[in-house]
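User: I would like to go through this model and ask, term by term, what justifies the words used for it.

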Amino acid sequence: MSGSSKTPISPRSLPEEEFFIGHKACAGCGGSLAVRLALKVTGPRSLVAVPAGCMSAVGFLYPQMSFSCNAIISTFAGTASMLSGMAAGARALGWRDVKVVGFAGDGGTADIGLQALSGAIDRRERILYICYDNEGYMNTGVQKSGLTPPGARTTTTPVGSTMRGSSGPKKNMFEIVAANGIAYAATASVGYPQDYLDKVARAASVDGTAYIQVLSPCPTGWGVPSHETTRIAREAVDCGLWVLGEYADGKHILNRDPGTFAPAAEHLRTQGRFKHLTDEDVARVERDRDEQWKKIRDHWLR
Ligand SMILES: Cc1ncc(C[n+]2csc(CCOP(=O)(O)OP(=O)(O)O)c2C)c(N)n1
Ligand code: SF4
């Protein structure tokens with residue numbers, strides 16, 4: 001697990017106070033769990049921006065505001081720009097104790113919001129950008145995003161005689177922000193909450209831009225039972241299909257090496273979006289995974 005955080009924090013020591021509660025997310029929503037946990041770390045002086053997407057749709061239902069800290073909806077493309085403005089405003093007001101935090105989906109991050117995020121990293125904005133990655137445009141009915149994995153069925157990548165789910169690769173946002181020279185980046189999973197909490201604590205204290213991409217299963221879009229969210233998120237790591245890593249001081253760090261991977265076939269086929277995968281499809285997924293892990297094991301620090 002992430003041993004790099006100096007902050008002693010654990011699910012048991014988190015405050016009872018809730019900063020994201022009463023929202024209208026579907027049962028078992030991984031994204032809402034990612035938001036809830038992160039805000040328990042960044043606390044009541046968080047200044048939050050959330051773009052169009054599920055978390056704004058379920059969290060800002062007038063008159064039932066679900067954030068108990070300051071929070072605002074940004075344009076779909078503009079999360080990182082709005083966070084930059086909020087950080088500048090806080091500096092102008094002399095507010096030194098605030099944490100400027102954004103929560104954007106994978107579409108809002110890797111597709112339409114990428115330019116604003118890249119600009120913020122370039123300016124070394126002191127913001128924490130959290131992408132809750134549910135691997136699709138869920139709020140508008142499960143369309144493919146740049147972070148939808150190969151083979152996944154979505155409404156724009158259906159399964160039939162001419163198409164067998166999403167065909168392109170999943171964009172590697174972790175490497176993209178690292179290549180932008182970000183101060184701190186991490187990948188996390190709601191299935192490994194301690195690791196996620198450590199990373200949020202570390203990211204919130206970085207002097208510069210911090211980015212966390214947290215795997216956040218969406219039972220509705222993935223076709224899994226709502227009580228399986230954290231198990232699926234944990235299993236993705238254990239199968240080697242989701243890497244827990246960090247990038248800091250120009251170095252890549254591996255936080256968890258599962259050693260022998262748990263079987264990918266069962267993990268994939270219990271999800272409705274992957275039910276159609278053939279043995280050959282699964283073998284391809286495993287080959288890609290093994291290639292990626294070879295590079296990681298050869299080059300990343302442990
Ligand atoms: C400029 C613009 N284009 C399209 C939309 C419609 N829209 C609202 S939410 C959304 C999907 C968001 O997907 P993602 O960022 O992955 O977040 P999720 O819904 O999965 O939480 C879209 C396409 C919009 N609000 N603004
Ligand atoms: S559609 Fe998915 S991401 Fe959106 S609220 Fe429901 S479970 Fe969460």
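Analyst: Buried is the word needed to begin with, and a residue earns it when its relative accessible area is under 20%. The model is a predicted one, and in it the buried residues of helix H7 are Asp195, Tyr196, Leu197, Asp198, Lys199, Val200, Ala201, Ala203 and Ala204.

User: What makes H7 a mostly covered helix, and what covers its buried residues?

Analyst: Nine of the twelve residues of H7 are buried, and on that count the helix is mostly covered. The cover over those buried residues includes helix H1 (30-42) together with strands S5 (99-105), S6 (128-133), S7 (184-189), S8 (210-215) and S9 (245-248). H7 itself runs over residues 193-204 and reaches 16 Å from its first C-alpha to its last, close to the 16 Å expected at 1.5 Å a residue.

User: Why is Ala203 called buried?

Analyst: Ala203, which lies in helix H7, has a relative accessibility of 3%; the limit for buried is under 20%, and therefore Ala203 counts as buried. Once neighbours within four places in sequence are set aside, Ala203 is in contact with Leu128, Tyr184, Ala210 and Ile212.

User: Arg124 and Glu135 both have a positive phi; why is each called buried or exposed?

Analyst: For Arg124 the relative accessibility is 60%, and because exposed requires over 50%, Arg124 counts as exposed. For Glu135 the value is 6%, which is under the 20% limit, so Glu135 counts as buried. Arg124 sits in the loop between helix H5 (114-122) and S6, with phi near 55 degrees, whereas Glu135 belongs to the loop between S6 and helix H6 (173-179) and has phi near 65 degrees.

User: What makes such phi values, or a cis peptide bond, worth pointing out?

Analyst: Most residues other than glycine have a negative phi, and most peptide bonds are trans. Here the bond from Tyr62 to Pro63 is cis, with omega near 5 degrees, and Pro63 lies in the loop between strand S2 (60-61) and strand S3 (64-65). A positive phi, near 80 degrees, is also found at Gly240, which follows helix H9.

User: How do you know that ligand 1 makes polar contacts with Gly107, Tyr132 and Asn134?

Analyst: A polar contact needs a pair of N or O atoms within 3.5 Å. An oxygen atom of ligand 1 is 2.9 Å from a backbone N or O atom of Gly107, the side chain of Tyr132 has an N or O atom 2.7 Å from an oxygen atom of the ligand, and for the side chain of Asn134 the distance is 3.1 Å, so each pair meets the limit of 3.5 Å. The protein buries 71% of the 590 Å² that ligand 1 exposes when taken alone.

User: Which residue classes make up the shells around ligand 1 and ligand 2?

Analyst: Around ligand 1 there are seven nonpolar, eight polar and one charged residues, and helix H4 (residues 106-111) contributes the largest share of that shell, three residues. Ligand 2 is surrounded by Ala25, Cys26, Cys29, Cys54, Asn134, Cys218, Pro219 and Thr220. Because Ala, Cys and Pro count as nonpolar, whereas Asn and Thr fall among the polar residues, the shell of ligand 2 divides into six nonpolar, two polar and no charged.

Note on methods. Residues numbered from 1 in each chain as written. Chains lettered and ligands numbered in written order. Predicted model: local features only at pLDDT ≥ 70, side-chain atom pairs only at ≥ 80, totals over all residues. Heavy atoms only, no water. Helix = DSSP H or I, 4+ residues; strand = E, 2+ residues; numbered from the N terminus. Expected span 1.5 Å × (residues − 1). Buried < 20%, exposed > 50% of the residue type's maximum accessible area, 1.4 Å probe, protein only. Contact = heavy atoms within 4.5 Å. Near = heavy atom within 4 Å. Polar contact = N/O pair within 3.5 Å; in protein donor to acceptor, adjacent residues only side chain to side chain. Areas by Shrake-Rupley, 256 points an atom, 1.4 Å probe, with all protein chains shown as cover.
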